[in-house]
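Student: I have a structure open and I want to understand the labels people put on it. Can we go through them one by one?

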Amino acid sequence: MEFGYDHVHFVCRDVPAMAEYFERVFGAESLSFDPDLKGAPNAVLRLGPVRLFVRGVRPGESPDAAAPGLVEGLDHFGLAVEDV
């Protein structure tokens, strides 16, 4: 089965700063910004063929049970496949 990367999803406390970092350092293109998408700011960028989703921490969001000190960072990456 062939696959590609659809997106990489990050969670952080300062979405505009993280988006600006990817633009400045890696030349990512800003596609959209929503200051309140489901309770948190959200930015979408394109870096080559991959989209980067950067989401803010939501009010009352709990840290990961396996690593209580980590609520920020890489959340997941999404794969694109022909058929599921």
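**Reasons behind the labels**

Tutor: Start with Ala 43. Not counting residues up to four places away in sequence, Ala 43 touches Val 15, Ala 19, Ser 32, Phe 33, Leu 52, Phe 53 and Val 54. Keep in mind that this is a predicted model.

Student: Where is Ala 43 found?

Tutor: In strand S3.

Student: Why is Ala 43 called buried?

Tutor: Its relative accessibility is 3%. Buried means under 20%. The value falls under that cut-off, so Ala 43 counts as buried.

Student: How far apart are Ala 43 and Leu 31 in sequence and in space?

Tutor: They are 12 residues apart in sequence. From C-alpha to C-alpha, the distance is 7.6 Å.

Student: Now the whole chain. What is its secondary structure?

Tutor: There are 1 helix and 5 strands. From the N terminus on, the order is β-α-β-β-β-β. Of the 84 residues, 27% count as buried.

Student: How confident is the predictor in the protein chain?

Tutor: The average pLDDT is 83, and 79% of the residues score at least 70. Confidence is lowest in strand S5 (residues 73-81), with a mean of 69. It is highest in strand S2 (residues 29-37), at 96.

Student: Which residues make up the largest nonpolar core?

Tutor: There are 12 residues in all, among them Val 8, Phe 10, Val 15, Phe 22, Ala 43, Leu 45, Leu 52 and Val 54. Strand S1 (3-12), helix H1 (15-26), strand S3 (40-47) and S4 each give two or more residues to this core. In soluble globular proteins, nonpolar side chains tend to be buried together.

Student: What is Val 15 in contact with, leaving aside its neighbours within four places in sequence?

Tutor: Phe 33, Pro 41, Asn 42, Ala 43, Val 54, Arg 55 and Gly 56.

Student: How many aromatic pairs does the structure hold?

Tutor: It holds 4. In one of them, Phe 10 and Phe 22 sit 5.5 Å apart, centre to centre, with 35 degrees between the planes.

Student: What makes that pair tilted?

Tutor: Two checks. The centres must lie within 6.5 Å, and 5.5 Å passes. Stacked needs planes under 30 degrees apart, and edge-to-face needs over 60. The angle of 35 degrees fits neither, so the pair is tilted.

Student: Which elements hold the two rings?

Tutor: Phe 10 is in strand S1 and Phe 22 is in helix H1, 12 residues apart. The pair links distant parts of the chain.

Student: Are Phe 10 and Phe 22 buried or exposed?

Tutor: Phe 10 has 15% relative accessibility. Phe 22 has a relative accessible area of 9%. Both values are under 20%, so both residues count as buried.

Student: Why is the pair of Tyr 21 and Phe 22 called edge-to-face?

Tutor: The planes are 75 degrees apart, and the centres 5.6 Å. Edge-to-face means over 60 degrees, so the label fits. Tyr 21 itself is at 36% relative accessibility. That lies between 20% and 50%, so Tyr 21 is partly exposed. Ring pairs also link Phe 10, Tyr 21, Phe 22 and Phe 26 into a cluster.

Student: How do you know that Arg 24 and Glu 20 meet in a salt bridge?

Tutor: The distance from N to O is 3.1 Å. The cut-off is 4 Å, so the pair qualifies. The count comes to 1 salt bridge. Side chains of opposite charge can pair when their charged atoms come close.

Student: What separates Arg 24 and Glu 20 in helix H1?

Tutor: About one helical turn, because they are 4 residues apart in helix H1.

Student: Why is Arg 24 called exposed, and Glu 20 partly exposed?

Tutor: Exposed means over 50%. Arg 24 has 55%, so it is exposed. Glu 20 has 36%, between the two cut-offs, so Glu 20 is partly exposed.

Student: Arg 55 is in strand S4. Is Arg 55 buried or exposed?

Tutor: Buried, because its relative accessibility of 8% is under 20%. Arg 55 touches residues including His 9, Phe 10, Val 15, Pro 41 and Glu 61.

Student: And what makes Arg 51 partly exposed?

Tutor: Arg 51 is in strand S4 (residues 50-56). Its relative accessible area is 27%, between 20% and 50%, so Arg 51 counts as partly exposed.

Key: Residues numbered from 1 in each chain as written. Predicted model: local features only at pLDDT ≥ 70, side-chain atom pairs only at ≥ 80, totals over all residues. Heavy atoms only, no water. Buried < 20%, exposed > 50% of the residue type's maximum accessible area, 1.4 Å probe, protein only. pLDDT = per-residue confidence, 0-100. Core = buried A, V, L, I, M, F, W, Y, C linked by side-chain atoms within 4.5 Å. Contact = heavy atoms within 4.5 Å. Phe/Tyr/Trp six-rings, centres within 6.5 Å; stacked < 30°, edge-to-face > 60°. Salt bridge = Lys/Arg side-chain N within 4 Å of Asp/Glu carboxyl O.
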